[in-house]
Structure formats: C-alpha cells, structure tokens
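Could you walk me through this model in my viewer, one selection at a time? I would like to know what to pick next and what I will find there.

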Amino acid sequence: AIQLFVGNEQKVYILDKAEGNAAQINGHPAWGAVWDMSSHQSTAMDVKTNVFCSSGMHLPNGSFVTFGGNGALNPGGYSASWDSEYQDFDGTKSIRVLNPCRNSDDFSSTNCQWFDDATFLAMQRQRWYSAAEALGDGSIIIIGGFTSGGYINRNYPNVDPATEGGAADPTYEFYPARSGALQTFQFLVETSGLNAYVHTFLMPSGKLFVQANISTVLWDYTTNTETTFPNVPHNVVRVYPASGAVAMLPLTPANNYLPTMLLCGGSDMPDYSWGNYSFPFIDTWNYPASKDCQRITPEPTDGSTPQYVQDDDMLDGRTMGQFIILPDGKLLVVNGGLNGTAGYSQATLTTPTFAQMPFGESLASGPVLTPAIYDPNAAPGSRWSKAGLSASTIPRLYHSSAMLLPDASVMIAGSNPNVDVNLTTVFPTTYKIEIFYPPYFSASTRPVPTGIPKTISYGGNSFDITVPASSYSGSANDAADATTVVLHRGGFTTHAMNMGQRYLQLNNTYTVNKDGSLTLHVAQAPPNPNLFQPGPAFVFVTIHGIPSNGTYVIVGSGQIGTQPTAAASVLPANVGLSSASGSANPASTTGGADVTA
C-alpha cells in the first residue's frame, strides 16, 4: 500500500509499485487492489503501467487520477518500455483514471476498472515524484518530477540545477491538458535536488503555496510569477526524502477560512549529506530526524509579510510522519522513524557494500510506533499529546500510508523500504493493515444525523440536518453549541503525504426542539471554490468532539470548469430550549483512550 485513497463510503483503492507480490492478476503480480471496508477483504485489480512514486488527485465527479510513475520494472532492474515477467509498461508519462464503484456495481465492467492506456491518454513529459494539486475549476496542475530513478533529484556537484543532465524536469502541466508550450517553474531550479513531491496547496486567491528544500513561494501559475517567503527556520527539509509531516490546518468560520500551513519533522541534514541520485553521502540511519514544527499563513489578511512561526516541537522526531486531519479538527501524526530518511539503497558513500548495511536497504531506523495528536486550538506549549494512545507493533517506514475512513477511524498500511518484495529483512515488505481508533471511539453513542444532501454548492440556500436526542446526553443547548458540521477530504496518500487533504467547517445555526432533537441550519460551502476544490468529500457532524459517520457528498458541479457560485448562505438565529436534553446514557458519550486493531 504505497498509495491509497477512499473511493466512496464502501471502498478503499490501493496501489503498489510493480514488484513480485504473491497476489496475481491476469497471469502477473498485482500492484493494484480494492479493499472493502465492511469485509476487510481485498480484490486484485489490473494496472498496466508502473505506478511507482506517482502523484494523484480527485476529480470533480468523484473519480481519481494518477500521474506518472517509473519505467517498466523487472526483478533485476528496469526495461525500456515493458517487462515480460512482471508485465508492466513504462509509467513515466501515464495518466490513469478510476471511477470508484460500489457493491451494487459490476466490478468486472470496464467502468469499474483502471483506465491506463498511455497511447490514448498521457502527459507531455516523464514525471516521477511529481506533485499534483486540484485547482478551483477542478482541473489539476502537475509539477516537476524526476525523469528516471534516484535517491534525490540531483547530481553532485550540482552543475545543472535545471535538468540535471536530463534527469530532472522543472516544468509543469495540467490535466486536462492545456494548449501552449510547457514553461519552467523557476522555483524547481532554485530548489534543485530536494524538490520531489513539492508540498503544494491552493490558496484562496487561486495562487499556490509551494514548499521544497528550505524554500517557500506563493506562485501565480497563470503568470508564472513567484513571491518569495523567508527560508524554513533551522534549515529543516520536509519534502521527500526528508518526508516531514505537512498539512493545512482546518478552515473554520472562527479563522475566517484563512489557510495556515503546519510543517513538522523531516531532517536538517547538511546539504552535502543528501548526496546524489545514487545514494546519501552519510549513514542516514544514524542521523536524528527533526522534532521542529513551524506554522505559516501564506495570505495574511492584514497585509503583513508571511513569516514562519515557531510551534510546539513534536514529542518525537519523525521522518516519514504523516498528518491525518480528524473530524474533531485535531491532527493525528502516525508512522515514521526516529532517524534517517525515506528511500532505500544498497549502499551509501560511507557504507560502500550491501553486506555492511545494518537495516537492509532501509535508510531509516527507530520506528516510531506510538501516534500523537496535535490540537491546533490549544495554547502554545500544550498542543501535542500521546495521552491514552497505544503503540502499534508494526514498523511503518518508507512506503507506508494512512487515511481517514468514513467511520472516523484511520486506516494504516504499507511499509516496504526494499527494491522489491522482501519478507525476511529487518524492515520487511508489510501487507498487514491496521485500523487506529482515535480517543473519540471510546464513546459508544455517536451522532446519527439525517438530511445531509448529496451535493454541496458554493453559496446558495442553506439546508437542514436533524440530529435525534439519542445522539447525545445532557443539555440540548450545550450540545447544540458544541456541534460542528464539516467537509472532510482525505485526499490521495503516498510517501507520508495526503495530496488534496482538506477540512472545512460549514457555518451553522440551530433550533432545539421539544423532544431534544436538534435541527441544524447549515450553510453551503463558502462561495470560493479555491477554499475547497470541487469533488468528493465526507460530511461529519460532531457533538462535543464525538463525530458521526461520514456521509459521501460531491462538492460543486461535478464537472471540470468554472464552478457556479451564489451569495453566502443566510442562516436564521439560534433558537435554544433550556428544558430539552439528550436521551443517551452520559457514560456512552464520553471519549477516552484509543483502541488500535
């Protein structure tokens, strides 16, 4: 499970690199599967090209698309365009599209399978470790990448930072494709070497926050102009292979839907230590990962210059840590290692033979087995906690993944810091899936909302959600005041990133009814598609920090193009009722310690 995404309320789709998996499909190893959330069973899927280290994103109609990958792989290396043993095709230009299906659909139909035909649909350039981000019209920008394999995206000495002799591509393109010659994104030249999977987030203005190496810009891709921000403090790198945890904090009415980025962990290895395409120049597994966390607000409304702001250190240093935004607005960090970096190798400059490598091909050591939770609204100095959280027994290092599921649990999978399947090394290829149940699962009573629509628009008439009295305990007024309605998108996860992950709280008021039920008057999404791009999402209703199951919705028109907008929803005033209360057992509505399965 190098890559995965939630397709709908029933299915998770999993992708691996082309390698010698025991699972077979059409006479060759499988590197695709669909996993059923109810049965916990997976079914192999055929994917023609090598998906290894591709990027991915949602589309407005709920489909998903992946971009690029690596050349055709065989057990001994790469072949030019196709390998007869693994039967994989070169994936470096591939565009693969999947329409998620449900149990009621015919999964043998082509409508439920991956479309993967580079002779019909392909990018203009080869891209491996490219970034992808959805734009406000639902189209996707695809940024940079390698053209072939390597540890980092540079030679050393770095005499050709633009193309590295043809192994790097500093251009960008779009899906669907746009006319005109491809342009160079100068930021990729300036960050040469450490700009794989650049952290990219669409801002309210339509510009892009882009972070790589120790540099940051606000980029207007329509004019290809950049506004440079200060360097990342302490020279901490967070793109692959440093692989820090990076996320946009929840967008809420309280913060006026103003994006703030959180960047944690990664590595402050000196520039020389990163080495070149072949390997790092130091024994990375001995170098501690960073604990450092920084916040930055790229488009402050007061006109000030954006600055990085020191945040609370993580409780553990982490490389390959991954942020999952929970429905209660807190952030879970999972997976990763105390030392080293992502990637794998059979040597470093200082450990020249594979026999001397202490952790097999892994360039990291010290798996961090206990997750932690970050509360963005807590006072500085008290934002991180491990209280009540249990440890996993499974190391999750390079090629691990995590994703919020519709029941508000977190799926954790993967780990394979090896060139191919290896079940006997120190950190082996891992096929086991875990489900992490955050502390709110200690509450046996959860909200059961009804009336959530199938589509959410950008502005327009509000809608009503009903929550029965059996969904909470205590004062109805208190429960109504402590209720939030949020849009959540888990995104496409790979390499400790969730491309497209966003959390947006919808504005709401309420009416408390005599029977203790709550009528929530809920605004549509703010009339700016840049805040929450069109496409699939889940609506969660949370009362006193206890979330409902998510309800699948489509935000926007369901089509690529300028999204219809209307005036922001006008909501009635709150109407409380002091005599009303919930009917649930109070002991059943309190969250506590987590449970990990």
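Here is a tour in several stops, with a selection for each. Keep in mind throughout that this is a predicted model.

**Stop 1: a four-stranded sheet**

Start by selecting strands β16 to β19, which make an open sheet in the order β16-β17-β18-β19, with antiparallel pairing. The edges are β16 and β19 (225-228), each of which pairs on one side only. Look along the sheet and you can follow its twist, which averages 25° from one strand to the next.

Now narrow the selection to residues 199-202, which are strand β16. Which way do the side chains point here? H199 and F201 point one way, T200 and L202 point the other way, and all are buried. This is a pattern to expect, because side chains in a regular strand alternate between the two faces of the sheet.

Add residues 208-212, strand β17, which runs antiparallel to β16 and is joined to it by 4 bridges. Show F201 and F209 as sticks: F209 in β17 stands opposite F201. The two strands form a hairpin with 5 residues between them, and G206 in the turn has a positive phi of about 95°.

At the other end of the sheet order, select residues 215-220 for strand β18, which is linked to β19 by 4 bridges in an antiparallel arrangement. One pair to label is D220 with T225, its bridge partner in β19.

**Stop 2: backbone oddities**

Next come some backbone torsions to check. In general, residues other than glycine mostly have a negative phi, and most peptide bonds are trans.

Pick N213, in the loop between β17 and β18. N213 is not a glycine, yet its phi is positive, at about 50°. Is N213 buried or exposed? Its relative accessible area is 13%, so N213 counts as buried.

Then jump to N335, in the loop between β25 (331-334) and β26 (337-344). N335 also has a positive phi, of about 70°, without being a glycine. Its relative accessibility is 6%, so N335 is buried.

For the peptide bonds, select Y156 and P157: the bond between them is cis, with omega near 0°. P157 sits in the loop between β13 (140-143) and β14 (171-175). Then select Y240 and P241, where a cis peptide bond has an omega of about 5°. P241 belongs to the loop between β19 and β20 (245-248).

**Stop 3: the disulfides**

How many disulfides are there to find? The count is 2, and with bonded cysteines counted along the chain they follow the pattern 1-2, 3-4.

Select C101 and C112, whose sulfur atoms are 2.1 Å apart in a disulfide. The torsion about this S-S bond is -95°, and the link is left-handed. C101 and C112 both lie in the loop between β11 (95-98) and β12 (131-134), 11 residues apart. Both cysteines are buried.

Move on to C264 and C293, also joined by a disulfide with an S to S distance of 2.1 Å. This one is right-handed because the torsion about its S-S bond is about 120°. C264 is in strand β21 (residues 261-264) and C293 in strand β22 (residues 293-296), 29 residues apart. The relative accessible area of C264 is 1%, so C264 is buried; for C293 the value is 0%, so C293 is buried too.

While cysteines are on display, pick C53 as well: C53 is buried, with a relative accessible area of 0%.

**Stop 4: the annotated domain and the cores**

Select residues 446-554, which an unreviewed UniProt entry annotates as "domain: Galactose oxidase-like Early set". This stretch is 6% helix and 49% strand, and its end C-alpha atoms are 24 Å apart.

Finish with the nonpolar interior. The largest nonpolar core has 73 residues, among which W219, L487 and L518 touch the most other members. Centre the view on L487 and show its contacts: leaving out residues up to four places away in sequence, they include I456, Y503, L504, F532, V539 and V553, as well as R502. A second, separate core of 46 residues includes A413, F436, F538 and F540.

Key
Residues are numbered from 1 along each chain as its sequence is written. This is a predicted model: local features need pLDDT of at least 70, side-chain atom pairs count only at pLDDT 80 or more; totals for chains, interfaces and linings use all residues. Side-chain values use heavy atoms; hydrogens and water are left out. UniProt positions are given in the numbering used here, feature names are shortened, and annotations may be inferred rather than shown by experiment. Buried means under 20% relative accessible area, exposed over 50%, partly exposed in between (1.4 Å probe, protein chains only). Two strands pair if DSSP finds at least two bridges between them. A nonpolar core is a set of buried Ala, Val, Leu, Ile, Met, Phe, Trp, Tyr and Cys residues joined through side-chain atoms within 4.5 Å. Contact means heavy atoms within 4.5 Å. A disulfide is a pair of cysteine sulfur atoms within 2.5 Å. Axes are lines fitted to C-alpha atoms, for helices over the stretch in contact, and angles run from 0 to 180 degrees between N-to-C directions.
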